[in-house]
Amino acid sequence: MEMGTATSHGSGTVRAGSAGEGGDFPSGTWGRATNQLGDGHHQRGGRGGRNQDPQSPRSPADPCRSSGTSTMVPPGWILLPLLLLVLSSPSTPCPLQPNATRFVCTEPTLRTFPGGLPPTTLAVSVEFTAVATLAPDALAGLPELQELHLASNLLASLPEELLWPVPALRVLDLTANALPELPARLFQRSQLLQHLVLRGNRLRALQPSWFQHLARLRWLDVGANALAEVPAEVFHPLVSLQSLDLSHNRLESLDGGSLAGLRELERLDLEGNRLRALPPDAFAPVPALRLLFLQGNELRALPAGLFAPLSHLQVLDLAHNRLRALELPPRPPGPPLSLDISGNPWACECPLLELLRRAAPQLVAARGTLCASPPHRQGQEVGTLSQAGDAGCQPEEDGQSLPDP
């Protein structure tokens, strides 16, 4: 699979969606799941900012205009336009259409999940509404449903059997609800699921039972929750997973077996956690990794050989940690590694400068990559020093660098 390119965005690296061998990664407006609803022109706004329907009824012109003189208007002239307006208004916020293949509703006043959808429905998007509960049979009668988008509602729980009537489901988006947990058997009949987005909920723990039937899952986003750990082998059944987002949780450590089973993983996002250290074998289970995001953590050191298994790595983001020394993966064939190491207190001595000179990565945010020590180099750009090659470092025969004088 050809992954998206990384570009500078603030202090980190933009994770662009990508397309290529093996399928598409979601990107754009529907960043957390593929957008196959409608023709791509559906606009989503915040709560209270729904779309204006060009076909919605408008009030008839008021026949009672003031011309500067007081005139008695017959009561019927006022009541008739009001009556016409009431009769022409839709009876439901989002009316159904027979034999439709997709249903979209972003009405913020909607409180009940629509019923009676035609069995031809392939995609449902009920987002930015006030729906807080779903009945166990809410999806009954939709055997062909492939996409279900329920982002930005008020869901605090889900019935265990909710997805059982829709075994053809490929995409499920539950972003920005209030879910503290999921039923153990929610995905029992979801063997075809490929994209699962649980971002922005209140999940505190990952349960192995959620993933045991999801061998075809390719995209999993559990970012912006309250996860404190990733249990060993919790993702082991996800043999097809290509993208895993664990960003903005409360992870303080990562066990050596946390990523076990993810042999196909190409993108891993751990940004914005509380990681202080990583075990030397943390990334051994994911040799296919191409994009790795570790920015915004509390890493003080990187174990020797940490990135050695990652011979295909193309993007590495270590910005805004507490690193003084650097580890790098093997130099990949083709374009140089895109590397962001800005916002760290680098010790600009021979080991760091020689490593960067030999590896020759493409430094992102080079102007924010500054030396913190030794005193005579404080504030200088790391990239400039490494390229200059005049730091007084003489390589020994075995390729190691001499200490900085």
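Tutor: Before we begin with this predicted model, one cut-off is needed: a residue counts as buried when its relative accessible area is under 20%, and as exposed when that area is over 50%.

Student: With that cut-off in mind, how many of the ten residues of helix 3 (residues 350–359) are buried?

Tutor: The buried residues of helix 3 are Cys350, Leu352, Leu353, Glu354, Leu355, Leu356 and Ala359. Helix 3 is therefore largely enclosed by the rest of the structure, the number of its ten residues that are buried being seven.

Student: Which elements do the buried residues of helix 3 pack against?

Tutor: On the far side of helix 3 in sequence comes Ala360, which follows the helix with a positive phi near 50°. The packing of the buried residues of helix 3 involves two strands and one helix, namely strand 15 (338–340), strand 16 (346–347) and helix 4 (382–388).

Student: Which element supplies the largest share of the largest nonpolar core?

Tutor: The largest nonpolar core has 86 residues, and Phe235 and Phe283 are the ones with the most contacts inside it. Strand 5, strand 6, helix 2 (208–211), helix 3 and helix 4 each supply at least two of its residues. The largest share of this core amounts to five residues, and these come from helix 3.

Student: Which are the edge strands of the open sheet?

Tutor: Twelve strands form this open sheet with parallel pairing, in the order 5-6-7-8-9-10-11-12-13-14-15-17. Neighbouring strands of the sheet are turned against each other by 5° on average, direction ignored. An edge strand pairs on one side only, and this holds for strand 5 (102–105) and strand 17 (362–364).

Student: Which residue in strand 6 is the bridge partner of Phe103?

Tutor: Strand 5 pairs with strand 6 (residues 123–126) in the parallel sense, over four bridges. In strand 6, the bridge partner of Phe103 is Val124.

Student: Is the disulfide of Cys94 and Cys105 right-handed or left-handed?

Tutor: The sulfur atoms of Cys94 and Cys105 are 1.9 Å apart, which satisfies the 2.5 Å limit for a disulfide. Cys94 lies in the loop between helix 1 (75–88) and strand 5, whereas Cys105 lies in strand 5, so the pair ties together parts that are eleven residues apart in sequence. Both cysteines are buried. The torsion about the S-S bond is about 65°, so the disulfide is right-handed.

Student: How many residues apart are Cys348 and Cys371?

Tutor: Cys348 and Cys371 form a disulfide with their sulfur atoms 1.9 Å apart, and the link is left-handed, with -95° about the S-S bond. Cys348 sits in the loop between strand 16 and helix 3, and Cys371 in strand 18 (residues 371–373), so the link joins distant parts of the chain, and the two cysteines are apart by 23 residues.

Student: What is the relative accessible area of Cys371?

Tutor: Its disulfide partner, Cys348, counts as buried at 0% relative accessibility. Cys371 is buried as well, with a relative accessible area of 4%.

Student: Which residue's side chain makes a polar contact with the side chain of Glu127?

Tutor: Glu127 is found in the loop between strand 6 and strand 7 (147–149). Glu127 is buried, its relative accessible area being 0%. At 2.8 Å, the side chain of Glu127 makes a polar contact with the side chain of Ser125.

Methods: Residues numbered from 1 in each chain as written. Predicted model: local features only at pLDDT ≥ 70, side-chain atom pairs only at ≥ 80, totals over all residues. Heavy atoms only, no water. Pairing = 2+ DSSP bridges. Axes fitted to C-alpha atoms, helices over the stretch in contact; angles between N-to-C directions. Buried < 20%, exposed > 50% of the residue type's maximum accessible area, 1.4 Å probe, protein only. Contact = heavy atoms within 4.5 Å. Polar contact = N/O pair within 3.5 Å; in protein donor to acceptor, adjacent residues only side chain to side chain. Core = buried A, V, L, I, M, F, W, Y, C linked by side-chain atoms within 4.5 Å.
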